[in-house]
Amino acid sequence: VSECPSRFASARFRDEPSSILRANRRLDRLPGIVPLESRLMSDPTVVSPAPTKVQDETRSVVKAAGLIGVATFSSRILGFIRDMVLARLFGATPAADAFFVAYRVPNLLRELFAEGSMSSAFIPVFTEYQTLKSKRDAWELASAVFTTLLTIVTGITILGIVAASGIVWLLAPGFHDDPAKLGMTTLLTQIMFPYLLFISLAALAMGILNSMRAFAAPAFSPVFFNIFIIGCALFLSPTMPEPILGVAIGVVAGGAAQFAMQLPGLSLRGMLFGFRFEPGHPGVRRIGSLMVPSLLGLSVTQINITVSTILASFFAGGPTYLFYGMRLIQFPLGIFGVALATAILPTLSAQAARGALDELRTTLGFGLRMILFIILPAMLGLILLRQPIVHLFFEHGTFTAHDTAETALAVLCYSVGLWAF
């Protein structure tokens with residue numbers, strides 16, 4: 001019967017159900033004989049409903065994005081309080097210009113390598129190890145990346161401290177005619193360079209926890225960064241010969257706290273990394289290769305900001321105006337854009353690792369629609385209300401009405417490109 005065309009066989013057995021049952025009863029008594037029904041009619045294949053799975057993952061992304069959004073909102077509010085404190089204490093004075101140019105150096109490297117290309121390259125590879133390999137393999141990858149990153153960034157930090165004067169000379173040519181301002185910027189750069197080390201390790205810890213769908217600790221860790229800066233500005237700065245040095249110390253302490261806060265979450269999930277110097281590890285090599293295209297994309301933004309910093313150094317208060325203008329742009333970008341991107345990347349990575357391209361397209365399309373739905377109104381609001389917003393947040397103490405007008409102009413220029421960020 002098995003050699004007959006399936007159409008005729010199925011028709012015959014539909015017409016003779018009683019003969020099938022009798023034959024089965026006879027064959028059941030013989031050893032090693034399979035009943036006719038089981039030979040000819042396999043059990044129906046149960047197909048899991050893909051749309052339901054996609055909907056579940058979409059709801060998971062929305063829930064995670066909501067949690068990250070709440071945490072980011074808390075951090076941004078504290079960030080605004082921090083900026084209001086700094087604006088009130090230092091305004092757009094030469095000390096403020098020196099601080100923001102010095103902070104630009106480690107922060108540029110952080111955005112380019114640590115929280116930028118490294119995070120976006122690490123999460124897909126680590127998620128693949130989690131999905132397709134054992135937990136031990138995933139831990140070994142995390143430990144190898146940690147040790148390699150620690151070695152490289154420590155070397156960069158030492159070189160940055162030694163070469164700080166040359167870096168500042170290139171980054172702030174407008175300070176060349178003011179030796180005191182140039183010297184203060186160099187000193188602040190040397191103090192704040194270790195921030196790069198702590199924030200790079202914090203970005204790695206964040207990538208591991210996000211890959212494991214643990215979003216709370218990484219999302220709330222920047223809150224501690226802002227708390228330390230506010231505390232140092234209010235309580236340490238008055239005791240320093242140059243008050244702005246207290247803020248620089250707060251930056252380094254805040255970066256260390258941001259990393260330390262995530263260690264309990266790693267330990268709880270058995271992913272507290274150890275020392276395994278394996279730069280030749282296959283996963284480490286893959287992460288390195290994936291960083292290259294990400295670096296090319298991120299470098300466009302960082303080159304723009306660096307050029308803007310160089311040009312702004314020729315104008316009194318220029319670096320300060322650009323910093324506060326970008327801070328307002330980062331508020332909706334961080335709450336909605338970065339929150340959704342952080343929440344959606346582990347889901348996209350898991351779908352890519354499974355080869356579920358249809359699910360990946362659905363999730364990506366959902367993310368893009370949600371981003372545009374939120375960011376476009378935010379962009380319009382910042383363009384129309386830039387002056388009163390800057391006045392409300394920053395025009396206190398030594399921050400004057402002229403400083404408000406100049407910062408509002410920077411907000412206008414940045415807002416035009418908010419949707420692309």
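**Entry 1: helix α10**

I began with the buried side of one helix: in α10, the residues P218, A219, S221, V223, F225, N226, I229, I230, C232 and A233 are buried. I note here that the model is a predicted one. Helix α10 covers residues 216-236, 21 residues in total. From its first C-alpha to its last I read a reach of 30 Å, close to the 30 Å expected at 1.5 Å a residue. I kept a general point beside this list: an α-helix has 3.6 residues a turn, so residues three or four places apart point the same way.

**Entry 2: the second largest pocket**

I turned next to the second largest pocket, whose volume is about 440 Å³. Its lining consists of 20 residues. Those that lie nearest the pocket's centre are S308, L322, A410, C413 and Y414.

I asked which helix gives the most to this lining. The record of my search is that α13 does, with six residues. At least two lining residues each come from α13 (282-312), α14 (318-354) and α16 (401-415). By kind, I find 13 nonpolar residues in the lining, six polar and one charged.

**Entry 3: C413**

I then looked at C413, one of the residues nearest the centre of that pocket. C413 belongs to helix α16. Is C413 buried or exposed? I enter C413 as exposed, because its relative accessibility is 55% and the cut-off is over 50%. I also looked up its distance to G325: the two C-alpha atoms are separated by 9.0 Å, while the residues are 88 apart along the chain.

**Entry 4: salt bridges**

I counted eight salt bridges in the model. In general, side chains of opposite charge can pair when their charged atoms come close.

R82 and D83 form one of them, with N to O at 3.1 Å. R82 counts as buried at 7% relative accessibility, and D83 is buried as well, at 0%. I find R82, D83 and R327 linked in a network of salt bridges.

R286 pairs with E128, and their closest N and O atoms are 3.1 Å apart. This pair links distant parts of the chain, since R286 sits in helix α13 and E128 in helix α5 (residues 94-132), 158 residues apart. R286 is partly exposed, at 34%, and E128 is partly exposed, at 25%.

R354 and E359 meet at 2.7 Å, N to O. I enter R354 as partly exposed at 36%. E359 counts as buried, because its 12% relative accessibility lies under the 20% cut-off.

Conventions:
Residues are numbered from 1 along each chain as its sequence is written. This is a predicted model: local features need pLDDT of at least 70, side-chain atom pairs count only at pLDDT 80 or more; totals for chains, interfaces and linings use all residues. Side-chain values use heavy atoms; hydrogens and water are left out. On a 1 Å grid over the protein atoms alone, a cavity is a set of points where a 1.4 Å probe fits but cannot get out, and a pocket is an open set with protein on both sides within 12 Å along at least five of seven lines; lining residues have an atom within 4 Å of a point. Grid points are joined across faces, edges and corners, and a volume is the space filled by probe spheres set on the points. Helices (H or I, at least four residues) and strands (E, at least two) are DSSP runs, numbered from the N terminus. Ala, Val, Leu, Ile, Met, Phe, Trp, Tyr, Cys and Pro count as nonpolar, Asp, Glu, Lys and Arg as charged, and the others, Gly among them, as polar. The expected span of a helix is 1.5 Å times one less than its number of residues. Buried means under 20% relative accessible area, exposed over 50%, partly exposed in between (1.4 Å probe, protein chains only). A salt bridge is a side-chain nitrogen of Lys or Arg within 4 Å of a carboxyl oxygen of Asp or Glu.
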